[in-house]
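Me: Could you take a close look at one part of this model for me, the aromatic ring pairs, and then walk me through whatever else is worth a glance around them? A connected account would suit me better than a list.

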Amino acid sequence: MTKPAHSPLMTMASRRQTTFTIALLVILTFLHPTPAWTAVADNFASTGDAHASFDTKPKDAHSNPPPHASSDDWGSFYDPKNVFCGQYDCYKILGFDYFSWGDDPPSLKDITKSYRSLSRQWHPDKNKAKGAREKFVAISKAYEVLTNSDKRKEYDHFRDRPDEYFKKYGSGVLWQYAPKSDATFIIIIILVAGSAFTYYAQMSKWQRIADHLIKAAVEDLSPREGGSAESIEIREQALKTLAEMKKESAAKEQSANGDNTSKNLKTGDKKKKEKASKMSSKEKKEKDKEELRPIIVKLVNEIHDFGAGFHKPTIKDLLGQD
């Protein structure tokens, strides 16, 4: 039986159909380059057969998951305590995309198949590349998590609930509790510090009055100039004490030079008078102040309480008692 010859019209129509189909497939390939459309486009481009058979059914997403050579492809997950796969996505480590499988998650068989393939690829005994051991450990951990039904269920639950993860496992902030301190020791330290502050504050109050009293007594200030009856009294006591000290000093010198002639005594008295006459009144006043100051300071320091709360610190002050 002879084949019917094709008419020129039918041949031209077939060619136009083929050209249109190829153009359509090329456009679809650029817009959505899925493996199925790409394969068909390549088939048409190589054979030019418009009636070539092809399967447009998408391949199983879990049948052959691509091996991931870089941890950059492992996604991310909030797992600061490393309960699951740390900062990486357990599914991504084994080549699965949680957001693309829809209602068809990878089965235990798919996970095992992917694990075996990747573990063979990255086993440190077979792969000497840098970081192979770390990748193998991560792959093993991902397999351990995803093949444990309870662990996998918890992992899927925490994916969009980092707050619940935090409540159960805590955050990634690194802190630790300090070792327990002896409460008695802490209390003692606080009491000592408080007592030292109280002592310093009370002593400063007393010292302000004491400095003012010393200045008034040394400068011989009148009440109008800032002095007081107390400063005048202290100055008088200091002058009496200074006079007694000079008298005692002169007596000691005289007893030490008991065999000196009257001529030498007269000569010495004359020299002292000449030296005193050469001093100006201002210099003499300053000299008297310097002689009086240590005596006045000693007398003021013997006063423990100036009244109105200006007193030297006592045990009651340190204990906080009135």
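Reply: Happy to. A word on terms before we start: helices here are DSSP runs of H or I with at least four residues, numbered from the N terminus. Please also keep in mind that this is a predicted model.

Let's begin with the rings. The structure holds 17 aromatic pairs. In one of them, the ring centres of W74 and Y88 are 5.2 Å apart and the planes meet at 85 degrees; planes over 60 degrees apart count as edge-to-face, so that is the label for W74 and Y88. Both residues sit in the loop between α2 (35–47) and α3 (90–93), with their positions 14 residues apart in the chain. Their surroundings can be read from the accessibilities: W74 is buried because its relative accessibility is 3%, while Y88 has a relative accessible area of 23% and is therefore partly exposed.

A second pair has another geometry. W206 and F306 are stacked, at 5.6 Å centre to centre and 20 degrees between the planes. W206 belongs to helix α8 and F306 to the loop between α11 (281–301) and α12 (315–319), so this pair ties together parts that are 100 residues apart in sequence. Both W206 and F306 are buried.

Beyond these, ring pairs join a cluster made up of F77, Y78, F84, Y91, Y98, F99, W101, Y155, F158, Y165 and Y169.

Returning to Y88, there is a further residue to look at. A142 is 54 residues away from Y88 in sequence, yet their C-alpha atoms are 9.3 Å apart in space. A142 is part of helix α5, which covers residues 132–146, and its relative accessibility of 0% is why it counts as buried.

Helix α8 is also worth another visit. Spanning residues 183–219, it contains I186, which counts as partly exposed because its relative accessibility is 39%. Together with F185, I189 and I190, I186 forms a nonpolar surface patch, and the four have about 400 Å² of accessible area together.

Finally, a charged residue. D110 is found in helix α4, residues 108–122. D110 is buried but has no salt bridge, and the nearest side chain of opposite charge, K113, is 6.6 Å away. A salt bridge needs a side-chain nitrogen within 4 Å of a carboxyl oxygen, so K113 does not qualify at 6.6 Å. The side chain of D110 does have a polar contact with that of S107, at 3.1 Å.

Terms used. Residues are numbered from 1 along each chain as its sequence is written. This is a predicted model: local features need pLDDT of at least 70, side-chain atom pairs count only at pLDDT 80 or more; totals for chains, interfaces and linings use all residues. Side-chain values use heavy atoms; hydrogens and water are left out. Helices (H or I, at least four residues) and strands (E, at least two) are DSSP runs, numbered from the N terminus. Buried means under 20% relative accessible area, exposed over 50%, partly exposed in between (1.4 Å probe, protein chains only). Lys and Arg count as positive and Asp and Glu as negative; His and the chain ends are not counted. A polar contact is a pair of N or O atoms within 3.5 Å; within protein, one must be able to donate a hydrogen and the other to accept it, and residues adjacent in sequence count only if both atoms are side-chain atoms. Patches are made of residues with over 30% relative accessible area and no salt bridge: like charges are joined within 9 Å, nonpolar side chains (Val, Leu, Ile, Met, Phe, Trp, Tyr) within 5 Å. Accessible areas come from the Shrake-Rupley method with a 1.4 Å probe; for residues, only the protein chains shown count as cover. Rings of Phe, Tyr and Trp (its six-membered ring) pair if their centres lie within 6.5 Å; planes under 30 degrees apart count as stacked, over 60 as edge-to-face and the rest as tilted.
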